[in-house]
Amino acid sequence: MVYLFAAFLVLWSITFGYLFILGGRQRQLSQQLASLRSQRAAPAEAPRDRAMPEEG
Amino acid sequence: MERWTRTHRNLLWAVSAVTIGIALFLVFLVAPREATMGDMQRVFYFHVPAAWVGYLALFVSFVASLLYLRRRESRWDRLALSSAEIGLVFITEGIITGSFWAKATWGVWWTWEPRLTTSAVLWAIYASYLTLRRAMEEQGRRERVAAVYSVLGFVAVPINFMAIRWWRTVHPLVFEGGGSNLTPAMLRVLIFCIVSFTLFYLAVLSLRLGIAWAEEQVEQLRYE
């Protein structure tokens, strides 16, 4: 019975461990994507921002 | 699968969680106690489905690799990678649960008999596949090399499956000659467990594919 319990414990530990790693990787990638997209958008907006006071 | 909506994915996760819950109930409270091995035999209801999902995932990876080599579309590469990674996790679980069963039944954690030896080789092949992918940085070449490796590496799967039929082994043979060595009640529980693990594989695959897509986007944005 000890081996049965241990086998199930290890099986579900690996499963939830893997899901935990995937969840972490997903969150990290979402942040990276948001950051990279905002970096790409920033140079296009910057000149317009700088130009606005002169126009005003 | 990458285009599945959040609702589809949540539904798949919910269904697989419920079926796994039912499977646990069936395994511990409904399946009859095996006469020779006793309660230890119940490991088998998760050992066999883990091995089945491992084989299925590696087969999906094999087919996706072939499709990548033919069409050169990155979605097939993402599917091959995602499924191989999940396959390796389930093969690992199959090996470990089998090892506990071996200790309780044979008195040893491991023996170099044909099924266990070919399982170790299979595990090493797919662990190397994932390592190889991480080691290669050049996009395009990495995907091609990985696809060829995956197609060639898949040869180990049918050899592993057939090992207990081709060679003399101490590993139990559950299915042979179109039938099974289980009682009908045991067989019903086993089939339910296989279905629940397959649904769980699909749920994890949908998550892993989303990650593979995001990894590709990050890589593209960095090098553009």
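A nonpolar core is taken here as a set of buried Ala, Val, Leu, Ile, Met, Phe, Trp, Tyr and Cys residues joined through C-beta atoms within 7 Å. The model analysed is predicted. Its largest nonpolar core has 48 residues. Ala80(B), Tyr126(B) and Tyr201(B) have the most contacts inside this core. Helix H1 (2-55) of chain A supplies at least two of the core residues. So does each of five helices of chain B named here: H2 (44-71), H3 (74-105), H4, H5 (141-153) and H7 (184-223). H3(B) provides the largest share, 13 residues. Tyr126(B) touches Leu58(B), Ala84(B), Gly87(B), Leu88(B), Ile91(B) and Gly153(B), leaving aside residues up to four places away in sequence.

Helices H4 (residues 114-135) and H6 (residues 156-166) of chain B pack at an angle of about 165°, and their axes are 8 Å apart. H4(B) is therefore roughly antiparallel to H6(B). The crossing of H4(B) past H6(B) is left-handed. On H4(B), the contact is formed by Pro114(B), Arg115(B), Thr118(B), Ser119(B), Val121(B), Leu122(B) and Ile125(B). These meet Ala156(B), Val157(B), Ile159(B), Asn160(B), Ala163(B) and Ile164(B) on H6(B). By class, this contact holds nine nonpolar, three polar and one charged residues.

Between the chains, 24 residues of chain B are in contact with 18 residues of chain A. H3 and H7 of chain B each supply at least two residues of the chain B side. H7(B) gives the most, with 10 residues. The chain B side divides into 13 nonpolar, four polar and seven charged residues.

Terms used. Residues are numbered from 1 along each chain as its sequence is written. Chains are lettered from A and ligands numbered from 1 in the order in which they are written. This is a predicted model: local features need pLDDT of at least 70, side-chain atom pairs count only at pLDDT 80 or more; totals for chains, interfaces and linings use all residues. Axes are lines fitted to C-alpha atoms, for helices over the stretch in contact, and angles run from 0 to 180 degrees between N-to-C directions. Helices (H or I, at least four residues) and strands (E, at least two) are DSSP runs, numbered from the N terminus. Angles under 35 degrees count as roughly parallel, over 145 as roughly antiparallel, 65 to 115 as roughly perpendicular and the rest as oblique. A crossing is left-handed if the near helix is turned anticlockwise from the far one by less than a right angle, and right-handed if clockwise. Two residues are in contact if their C-beta atoms, placed from the backbone, lie within 7 Å. Ala, Val, Leu, Ile, Met, Phe, Trp, Tyr, Cys and Pro count as nonpolar, Asp, Glu, Lys and Arg as charged, and the others, Gly among them, as polar. A residue is buried if 20 or more other C-beta atoms lie within 10 Å of its own, exposed if 12 or fewer, and partly exposed in between; C-beta atoms are placed from the backbone.
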